[in-house]
Protein chains: 2
Amino acid sequence: MDQKKRRVVVVGGVAAGMKVASRLRRLDPEVEITVIERGSQVSYGACALPYYIEGLFEDLDEVRQTPAGVVRDETFFRKVKGFDVRASTEALNVARKARILRVRDLQTGEEENLAYDVLVLATGNRPILPSIPGIDLAGVHALKSPEDAGYLMDLSRTARTAVIVGGGLIGLEMAEALAKRGIAVTLVEMKDQILASALDFGMAALVHRELRKNGVNLRLGEGVQAIEGEEGRVSRVLTTGGSYAADMVVMAIGVRPEVTLARDAGLEIGPTGAIAVDAGLRTSDPSIYAAGDCAESTDLLTGKKVYVPLGSTANKHGRVVADNICGRNETFAGILGSLIVKVFDLNVARTGLSEEDARLVGLDPVTLLAPSPDRAHIYPGAKPIVIKLVADRASRRILGAQIVGPGNVDKRIDTLVAALTLGATVDQVAAFDLAYAPPFASAMDPLITAANALRNKLDGIGISLDPAEVMELLEGEEDFVFLDVRSPAEYSEVRIPGSTLLPLGMLRQRLAELPRDRRIVAFCKLSLRGYEAQRILQGAGFDRVCFMEGGILGWP
Amino acid sequence: MDQKKRRVVVVGGVAAGMKVASRLRRLDPEVEITVIERGSQVSYGACALPYYIEGLFEDLDEVRQTPAGVVRDETFFRKVKGFDVRASTEALNVARKARILRVRDLQTGEEENLAYDVLVLATGNRPILPSIPGIDLAGVHALKSPEDAGYLMDLSRTARTAVIVGGGLIGLEMAEALAKRGIAVTLVEMKDQILASALDFGMAALVHRELRKNGVNLRLGEGVQAIEGEEGRVSRVLTTGGSYAADMVVMAIGVRPEVTLARDAGLEIGPTGAIAVDAGLRTSDPSIYAAGDCAESTDLLTGKKVYVPLGSTANKHGRVVADNICGRNETFAGILGSLIVKVFDLNVARTGLSEEDARLVGLDPVTLLAPSPDRAHIYPGAKPIVIKLVADRASRRILGAQIVGPGNVDKRIDTLVAALTLGATVDQVAAFDLAYAPPFASAMDPLITAANALRNKLDGIGISLDPAEVMELLEGEEDFVFLDVRSPAEYSEVRIPGSTLLPLGMLRQRLAELPRDRRIVAFCKLSLRGYEAQRILQGAGFDRVCFMEGGILGWP
Ligand SMILES: Cc1cc2nc3c(=O)[nH]c(=O)nc-3n(C[C@H](O)[C@H](O)[C@H](O)COP(=O)(O)OP(=O)(O)OC[C@H]3O[C@@H](n4cnc5c(N)ncnc54)[C@H](O)[C@@H]3O)c2cc1C
Ligand SMILES: Cc1cc2nc3c(=O)[nH]c(=O)nc-3n(C[C@H](O)[C@H](O)[C@H](O)COP(=O)(O)OP(=O)(O)OC[C@H]3O[C@@H](n4cnc5c(N)ncnc54)[C@H](O)[C@@H]3O)c2cc1C
Ligand SMILES: CC(C)(COP(=O)(O)OP(=O)(O)OC[C@H]1O[C@@H](n2cnc3c(N)ncnc32)[C@H](O)[C@@H]1OP(=O)(O)O)[C@@H](O)C(=O)NCCC(=O)NCCS
Ligand SMILES: CC(C)(COP(=O)(O)OP(=O)(O)OC[C@H]1O[C@@H](n2cnc3c(N)ncnc32)[C@H](O)[C@@H]1OP(=O)(O)O)[C@@H](O)C(=O)NCCC(=O)NCCS
Ligand SMILES: [Ca+2]
Ligand SMILES: [Ca+2]
């Protein structure tokens, strides 16, 4: 193959495609590069669109600006990055034998054949729109591109009510954006929890509380059956559980990989429905790569193929593909399903396997829920976070984590991402020499505390139930002591029904008041005093005692 | 040994000692535990004292309160944690054969012998006070305990000028605290940089800029020679470089491990001057443990003994000792020298080996300086951070990192702490599935970008000099082109003397204007465009071209 004349054609011009082309040009000044995009804009940060609708910035063009404020349009890519971008141009089909991509200019209707030596599919995803009555009404829309954002923004200027369908990342971000704009928001989710594939129920429950606290009418376990309208415009949404007024409807039930081109060309489609790729992101045709939201990834922990369409992965994919086109032999090992989202005043993040995931793949997970202040509790601005760790019982390896709270959640998740990638045990995490000063952490970082608490549980030193297990107990027949060991002042402020107060400071001297024949479940605000109570009581010979993980802060 | 009657005596009641005792009681309800502390208060968070002086909280007692607001005094420890604390009591000497600790009640003067089965030394550190003229003047003080903080707080209420001696962690925190209180602060440091053992010069230079910006009179390379006073009160500080008015002087030139008791008892003292311990934190006497600031640690990367006295380590040590007293066979592998400190609006953190450290131990480090916004640059509140990564050339393993900036520094440092602990290469870091959403990061996290830029350097794709190397060039004879590839608007706002403007967007079409026989050093605000320029020029056949790492943001 003649290096000089090599022609690379990229289909899809948002994250993955533009990354391939940009990196490729840096690696090879000679190769001919053409990016084909059917949309009118390229290289935009879709992730920022909800914040535009929220009103955090005014100019929609900001989502495709460089940090220096230059708009990334075709001219920018030609002049700065040094390759051709053809927007408003659709790739119609691939003649793989001839290595020809047929494209159509959507403005002129003209068609053309583009010869390629290497083809890159970066065709991304497409929002799922269920075929229910009313889906085509004006005012019913998904959020994917700047055009969509412009359309939804226009609606939001006059809307007084909105229904969001789907409690995933985009649904949650849109709920916040529209609620902050003063619109009465109903969020409808078919499952019994938001972020169903990402969070265990108990952690999701903390997010439910936050949504409701902020006035979102959260309808869990309801499926949308129809959308009603007047004069072609949406007015109501009917679900299996109710009927909700809607001047606008955001459809956010998920996305599907856009694989039309790949499938039509006979490329292998993987079990997830996305394009099957090897570790070098090559498709079943060695001249064709796939990158970003149209391609599968591998779960680093289970080795299974997964579909987690994210901008972070799309960019990584793009870089790997560019390197491989240049013969640099890069691989993309896989992902952990890391996710983070801000929901009003809560930060919500996860990585690795949830407890549910771990059970599903046949592992024996041990979990622990530990709330802590995110920095020295006396430093101004300290805010709580609730960490749920999941570890493998036998190997003690960390399997995953979920962290929720108004405090600094992202730091601990990213630290765990590193730990998980490298196969750390919970014992190794507890020994991490994390950087400590009061404005940033506590002497024992919340992560280290959570790891220690989990080690205690694995070692039989800490004996605990999580809030869901306690709730089951409360609903059952067993007559147990639900022992609140906080102070009287804390108790008078907020308490859990059915609990009995015995402050930790008096526990050692008032042991006689407690029954030895009944189970005792101790708790406090965080879990620290609950755990201490468990140890005190055990030390005093009580043998049916445990504490409730998460304390008041983990109680849904 | 009879479990029931075992007596454990702990000397030192701040972090390590109290942790040993607290954990020990949880593990063993029977053992007799006594903590001896010569100070009047125990279990205080010294780390919070500068923030008290800054005025961030009013009640000094807060530094020894639990998150629930209870003061950790002797009563608290007896009632809640279940052991005896004897404050204002000094340990005088250890009769190791007889296993007896002699103590004196500092209030009554009474002495007493305490028999022990296990002794724990948690005697901490002592601030270094140089024997220079005037060191004993009123108003000259180190900061270690709440009493010290009370004393310095009193001084600060009337002081108009203050001299801080020492540019370490405490010196920096006190500079900020006093300056924020409106006092004219001079900070004197003997070395040519602050945090000399923690940061490479270039990174420290960014902190120097911040100190000066905030009105601190920073005197580098000056040693204190004498302190002058009037009527027994300090008035001036004389250094090798000048004389500075001082209504108060904070001595913060470092600390030494408090090993008097250990040394007198004939225990082995390590090469660092701290008590030598094995991986289980046992001293040379198997009945005596040492924990916290009086004990040595091991550097996880070099395997060398090091002395890095920190509250985070003290607490970890304490827990390990308690476990080992109970036969649980815990080890403390070591530390990375992680450090973090807030200096006005800058967050300053480091972990692992600096470039200087790496050279000193004979490694072949490759470094990279990369500034980035800490989250999506269009998300409100995005702030820059400058990451310096240090990696081993041959193995590509990360050796260390320094991160400075107003943005989120701590997240990236802690992620790297995990990576370093587990031996990650820069290639592994670049593939981390870090959690991304615009309020928290960028699609390619700054850490991933820094890792990729370092990989480019290792791979010969990125060719760069760091600012210090460029400064040397500027001072030398070579006639090179110092090429600013930012926009005219950015150039008119701030520029580096001696630079020539040629915006990146015009570079490809104006190549003819650049000389092919001279070196070209390209730069921009961050480095991204500088790097792009380097690739463009190289691609066009310029062969003496590089970019300046760190750009304007890394320029000291
Ligand atoms: C509202 C919103 C919020 C998000 N938030 C986050 C977040 O917080 N964090 C995160 O990591 N990710 C987030 N994402 C996801 C992220 O934006 C995507 O993962 C990323 O855009 C994927 O990039 P891609 O290039 O692979 O695919 P896409 O962005 O889907 O781009 C593919 C492009 O290919 C084009 N195309 C497809 N077929 C053809 C054809 N035949 N001819 C021509 N062009 C074609 C399409 O028009 C499309 O523009 C968010 C997405 C949205 C919509
Ligand atoms: C202003 C300041 C800011 C700090 N900031 C940070 C920070 O941001 N991050 C961080 O990690 N660390 C920080 N530290 C350090 C941290 O406070 C110490 O590392 C920690 O206190 C060490 O605990 P320790 O129990 O080992 O020793 P110490 O705190 O030194 O306690 C030892 C105790 O032993 C007692 N003792 C010694 N000998 C005897 C004897 N013979 N008889 C009886 N008692 C004796 C002493 O009186 C002393 O109270 C800071 C320290 C200070 C002073
Ligand atoms: C921006 C985009 C066009 C990619 O172009 P790009 O040139 O690779 O990206 P950037 O302009 O950020 O430049 C990154 C390059 O500069 C380098 N770089 C960045 N900062 C640097 C620094 N401080 N020092 C040295 N190099 C640096 C990076 O390593 C990278 O080079 P490499 O890939 O050769 O290693 C593509 O990612 C895109 O279109 N993004 C917008 C859409 C998107 O990402 N959406 C999903 C999230 S919402
Ligand atoms: C506080 C101090 C007395 C130690 O006492 P302690 O009882 O070990 O500490 P805490 O009260 O924080 O309790 C921690 C215990 O509760 C557990 N815990 C904390 N939060 C928990 C949660 N949410 N769920 C379950 N367990 C939890 C921890 O794992 C730990 O138990 P373990 O050591 O048996 O594993 C000691 O650290 C001290 O004096 N500190 C102040 C001084 C200091 O640290 N200075 C340096 C920094 S400025
Ligand atoms: Ca779930
Ligand atoms: Ca140095």
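User: Which residues are the closest to ligand 2 among those that surround it?
Analyst: In this predicted model, ligand 2 lies between chains A and B. It is surrounded by 35 residues. The closest of these are Glu37(B), Ala91(B), Lys144(B), Asp293(B) and Gly311(B).

User: How many Å separate an oxygen atom of ligand 2 from an N or O atom in the side chain of Asp293(B)?
Analyst: Asp293(B) is listed among the closest residues to ligand 2. A pair of N or O atoms counts as a polar contact within 3.5 Å. For the side chain of Asp293(B) and an oxygen atom of ligand 2, the distance is 2.8 Å.

User: Which residues offer a polar backbone atom to an oxygen atom of ligand 2, at 2.9 Å and at 3.4 Å?
Analyst: The cut-off for a polar contact is 3.5 Å. The distance of 3.4 Å belongs to a polar backbone atom of Ser312(B). The distance of 2.9 Å belongs to a polar backbone atom of Gly311(B).

User: What spacing do the donors of the calcium ion (ligand 5) follow along the chain?
Analyst: The protein donors of this ion are Gln193(A) through OE1, Ala196(A) and Leu199(A) through O, and Glu356(A) through OE. They lie 2.4 to 3.0 Å from the calcium ion (ligand 5). Along the chain, their spacing is Q-x2-A-x2-L-x156-E.

User: Is Ala196(A) buried or partly exposed?
Analyst: Two donors of the calcium ion (ligand 5) are Gln193(A) and Ala196(A). Gln193(A) counts as buried because its relative accessibility is 4%, under the cut-off of 20%. Ala196(A) has a relative accessibility of 22%, so this residue counts as partly exposed.

User: How many residues apart are Leu199(B) and Glu356(B)?
Analyst: Both residues are protein donors of the calcium ion (ligand 6), along with Gln193(B) and Ala196(B). Leu199(B) is in the loop between β11 (184–189) and α6 (201–213) of chain B, while Glu356(B) is in helix α9 (residues 355–360) of chain B. The pair thus links distant parts of the chain, with a separation of 157 residues.

User: What are the relative accessibility values of Leu199(B) and Glu356(B)?
Analyst: Leu199(B) is buried, whereas Glu356(B) counts as partly exposed. The relative accessible area of Leu199(B) is 1%. The value for Glu356(B) is 41%.

User: What is the phi of Leu195(A)?
Analyst: Most residues other than glycine have a negative phi. Leu195(A) is in the loop between β11 (184–189) and α6 (201–213) of chain A, and it counts as buried at 7% relative accessibility. Its phi is positive, near 45 degrees.

User: Where is Arg396(B), a residue with a positive phi although it is not a glycine?
Analyst: The phi of Arg396(B) is about 65 degrees. At 19% relative accessibility, Arg396(B) counts as buried. Its place is in chain B, in the loop between β24 (384–392) and β25 (398–405).

User: Which helix gives the largest share of the lining of the largest cavity?
Analyst: Three cavities of 30 Å³ or more are found in a search of the whole structure, and the largest has a volume of about 50 Å³. It is lined by 13 residues, and those closest to its centre are Gly292(A), Ala295(A), Ser297(A), Val308(A) and Pro309(A). By class, the lining has seven nonpolar, four polar and two charged residues. The largest share, three residues, comes from chain A helix α8 (residues 311–325).

Notes:
Residues are numbered from 1 along each chain as its sequence is written. Chains are lettered from A and ligands numbered from 1 in the order in which they are written. This is a predicted model: local features need pLDDT of at least 70, side-chain atom pairs count only at pLDDT 80 or more; totals for chains, interfaces and linings use all residues. Side-chain values use heavy atoms; hydrogens and water are left out. Donors are N, O and S atoms within 2.8 Å of the metal (3.2 Å for Na, K and Ca); water is not among the atoms, so sites may look incomplete. Buried means under 20% relative accessible area, exposed over 50%, partly exposed in between (1.4 Å probe, protein chains only). Helices (H or I, at least four residues) and strands (E, at least two) are DSSP runs, numbered from the N terminus. On a 1 Å grid over the protein atoms alone, a cavity is a set of points where a 1.4 Å probe fits but cannot get out, and a pocket is an open set with protein on both sides within 12 Å along at least five of seven lines; lining residues have an atom within 4 Å of a point. Grid points are joined across faces, edges and corners, and a volume is the space filled by probe spheres set on the points. Ala, Val, Leu, Ile, Met, Phe, Trp, Tyr, Cys and Pro count as nonpolar, Asp, Glu, Lys and Arg as charged, and the others, Gly among them, as polar. A residue is near a molecule or strand if one of its heavy atoms lies within 4 Å of it. A polar contact is a pair of N or O atoms within 3.5 Å; within protein, one must be able to donate a hydrogen and the other to accept it, and residues adjacent in sequence count only if both atoms are side-chain atoms.
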